[in-house]
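Let's go through a model together and learn how to read a few of its side-chain features.

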Amino acid sequence: MTRDAVAAALVRDTKSDQEFWLKTGTSFFPNSKMNHLGNAKKDDPTIRDAVRRWRERPDPSAWPEAACVLCGRDGVGYYGKVDVSLAESDL
């Protein structure tokens with residue numbers, strides 16, 4: 001998924017003939033590192049690094065002692081709508 005997110009982010013232009021995944025990502029992950037408005041002014045290595053960091057699993061020593069509100073399993077970090085596609089609330 002990370003490789004595909006990077007590839008989509010590097011397209012930058014939603015009017016390009018290769019824009020399908022970028023547009024899809026914008027719908028699922030609004031304002032994420034994958035499709036942030038500022039990407040148009042950034043070079044490829046900067047975008048690639050930001051998307052990889054966004055998708056990276058946090059080190060276990062930094063995991064919070066809290067359960068995931070969506071599935072109940074141990075959480076690995078604190079995330080919001082930018083990180084969890086189509087999640088509106090814990091309801």
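What follows is a short dialogue on cysteines, aromatic rings and one loop residue.

Q: Before we start, what kind of model is this, and how are residues numbered?
A: It's a predicted model, where local features need pLDDT of at least 70 and side-chain atom pairs count only at pLDDT 80 or more, while totals for chains, interfaces and linings use all residues. Residues are numbered from 1 along each chain as its sequence is written, and side-chain values use heavy atoms, with hydrogens and water left out.

Q: How many disulfides does the structure hold?
A: A disulfide is a covalent bond between the sulfur atoms of two cysteines. The cut-off here is a pair of cysteine sulfur atoms within 2.5 Å. By that rule the structure has zero disulfides.

Q: Why is there no bond for Cys 68?
A: Its closest cysteine sulfur belongs to Cys 71 and is 3.7 Å away, which is too far for a bond.

Q: Are those cysteines buried or exposed?
A: Buried means under 20% relative accessible area, exposed means over 50%, and partly exposed is in between, using a 1.4 Å probe and protein chains only. Cys 68 is partly exposed at 29%, and Cys 71 is partly exposed too, at 42%.

Q: What about aromatic pairs: how many are there?
A: Rings of Phe, Tyr and Trp (its six-membered ring) pair if their centres lie within 6.5 Å; planes under 30 degrees apart are stacked, over 60 edge-to-face, and the rest tilted. The structure holds two such pairs. In one, Phe 20 and Trp 21 have ring centres 4.8 Å apart and planes at 75 degrees, so they're edge-to-face. Phe 20 is exposed at 52%, and Trp 21 is exposed at 57%.

Q: And which residues make the other pair?
A: Phe 29 and Trp 54, with centres 5.3 Å apart and planes at 80 degrees, so this pair is edge-to-face. Phe 29 lies in the loop between helix H2 (20-28) and helix H3 (44-55) and Trp 54 is in H3, so the pair ties together parts 25 residues apart in sequence. Helices here are DSSP runs (H or I, at least four residues), numbered from the N terminus. Phe 29 is buried at 8%, and Trp 54 is buried at 14%.

Q: Which charge sits over the ring of Trp 54?
A: The test is NZ of Lys or CZ of Arg within 6 Å of the ring centre and within 35 degrees of the ring normal. Here the charged end of Arg 55 sits over that ring, 5.4 Å from its centre.

Q: Where is Glu 19, and what is it in contact with?
A: Glu 19 is in the loop between helix H1 (2-9) and H2, and is buried at 18%. Contact means heavy atoms within 4.5 Å. Leaving aside neighbours within four places in sequence, Glu 19 is in contact with Val 11, Asp 13 and Thr 14.

Terms used. Helices (H or I, at least four residues) and strands (E, at least two) are DSSP runs, numbered from the N terminus.
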